[in-house]
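Me: Please take a close look at the pocket in this model and at the aromatic rings. What lines the pocket, and how are the rings arranged?

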Amino acid sequence: VPDDGLAPGAINELWAKLLEAEHAKELALRGARKREKELALLNSRLDDKATRLAAWIEKSEAYLAREESITSVGAAQSKLLELEAWQGEYADAKPRVAELHDLAAQIAALNGPN
């Protein structure tokens, strides 16, 4: 009679538990890798969008910092057209800011409650 744990039935049971644990570990590793890939993609998208938005902000701030003197009605009308164009760009930027917030929320959700 074999010692405890050395009987063929016990060895088969332990082997089945080992295979089950190995499978669970493999699934966990696949899930972690998938999560890492998704995080990398989201981070890349966030960086790209944030860089483009920062460039637009920098361009706008540089324009606003300029001293301009308007000496004619035509120049004033031209500046009003520029203002309207900027307001359109500003309106277009709002959804991009919302996208940044959405991406940041997705990243936070994937990172978990750490």
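Reply: **Largest pocket and aromatic rings**

The largest pocket has a lining of 13 residues, and Tyr63, Leu64, Glu82, Leu83 and Trp86 are those nearest its centre. (A pocket is an open set of points on a 1 Å grid where a 1.4 Å probe fits, with protein on both sides within 12 Å along at least five of seven lines; lining residues have an atom within 4 Å of a point.) Helix H1 (8–65) and helix H2 (73–111) are the elements that each give two or more residues to this lining, helices being DSSP runs (H or I) of at least four residues. H2 supplies the largest share, six residues. By type, the lining has six nonpolar, one polar and six charged residues. The pocket volume is about 340 Å³.

This is a predicted model, in which local features need pLDDT of at least 70 and side-chain atom pairs pLDDT 80 or more. Numbering starts from 1 along each chain, and side-chain values use heavy atoms.

Trp86 also belongs to an aromatic cluster with Trp56 and Tyr90. There are two aromatic pairs in the structure (ring centres within 6.5 Å; stacked if the planes are under 30 degrees apart). Trp56 and Trp86 are stacked, because their centres are 5.9 Å apart and their planes at 15 degrees. Since Trp56 sits in H1 and Trp86 in H2, this pair ties together parts 30 residues apart in sequence. Trp86 and Tyr90 are also stacked, with centres 5.3 Å apart and planes at 20 degrees. These two are four residues apart in H2, about one helical turn.

Trp56 is buried at 14% relative accessibility (under 20%; partly exposed runs from there to 50%). Trp86, at 32%, is partly exposed, and Tyr90 is partly exposed at 39%.

Notes
Grid points are joined across faces, edges and corners, and a volume is the space filled by probe spheres set on the points. Ala, Val, Leu, Ile, Met, Phe, Trp, Tyr, Cys and Pro count as nonpolar, Asp, Glu, Lys and Arg as charged, and the others, Gly among them, as polar. Rings of Phe, Tyr and Trp (its six-membered ring) pair if their centres lie within 6.5 Å; planes under 30 degrees apart count as stacked, over 60 as edge-to-face and the rest as tilted. Buried means under 20% relative accessible area, exposed over 50%, partly exposed in between (1.4 Å probe, protein chains only).
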